[in-house]
Amino acid sequence: MNTIAPPQPQAGAIRFQPTPVAGCFIVDPIRRGDGRGFFARAFCEAEFAAAGIESRFVQANNSLTRKPFTLRGLHYQLPPAAEVKLVRCLAGALFDVVADLRPDSPSHGQWFGAMLTAENRQMMLVPRGCAHGFLTMAPDTEALYLVSAPYAPAQERGLRWDDPFLSIEWPEEPAELSAKDAGWPAFDAGFHGTDQMRGLL
């Protein structure tokens, strides 16, 4: 009897590009294609774990933003609900930002931003203890992100997009943001819980 061997997983299906923020990576699925198109693995538990990156996600969230230059963020959760996020743009384009709030991190107070688009299919890996937000750069921008902890309202915190503590250089000034995001207080170590984020590296 003839048998067909099951396909074997391909090594190195995902590239992890370090960024200036400790533990933050641009995650780049390696495309393998032919005349039909391509195949790429967007997530692999074994490859993430081998790279020392969170490999367990408990929720997948999907957002659609109608207008360009709409800002969402900057959001994060304090321990014990501190979360890792894996963010991808499904349609349109967004400028994705990670800001390091961990007091014992070598990149404390630094931020990193990258353009995620439907075309480049890159993802941003946001570590625990980092705030995250994005500015849409095209109409009908859709994002998908995996999170490693459920939403916990009591642990939720946020930073203003223009907080001088970070001085983020956005590609455009936001034209629209929610009242909640506009109302976050200026950076304050007590309110923003930075001491609670020690040891999250």
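**Exercise 1.** In this predicted model, determine how strand β1 (residues 14-18) runs relative to β2 and how many bridges join them.

*Solution.* Begin with the pairing itself: β1 and β2 run antiparallel and are joined by five bridges. Next, take one position in the ladder, where Phe-16 has Val-27 of β2 as its bridge partner. Finally, turn to the connection, a hairpin with six residues between the strands, in which Gly-23 adopts a positive phi near 80°.

**Exercise 2.** Identify the strand, other than β1, that is joined to β2 by three bridges, and establish whether the residues of β2 are buried or exposed.

*Solution.* The strand is β10 (residues 123-126), which runs antiparallel to β2, and within this pairing Met-124 of β10 is the bridge partner of Ile-26. As for burial, five of the five residues of β2 (residues 25-29) are buried. Sorting them by direction, Phe-25, Val-27 and Pro-29 point one way, whereas Ile-26 and Asp-28 point the other way.

**Exercise 3.** Decide how many disulfides the model contains, using the sulfur atoms of Cys-24 and Cys-130 as a worked case.

*Solution.* The criterion is a pair of cysteine sulfur atoms within 2.5 Å. For Cys-24, the nearest cysteine sulfur belongs to Cys-130 and is 6.8 Å away, so by that cut-off Cys-24 is in no disulfide. Cys-130 is likewise in no disulfide, its nearest cysteine sulfur being that of Cys-24. The count is therefore zero disulfides under this rule. As for accessibility, Cys-24 is buried, with a relative accessible area of 1%, and Cys-130 is buried, with a relative accessible area of 4%.

Technical notes: Residues are numbered from 1 along each chain as its sequence is written. This is a predicted model: local features need pLDDT of at least 70, side-chain atom pairs count only at pLDDT 80 or more; totals for chains, interfaces and linings use all residues. Side-chain values use heavy atoms; hydrogens and water are left out. Buried means under 20% relative accessible area, exposed over 50%, partly exposed in between (1.4 Å probe, protein chains only). Helices (H or I, at least four residues) and strands (E, at least two) are DSSP runs, numbered from the N terminus. Two strands pair if DSSP finds at least two bridges between them.
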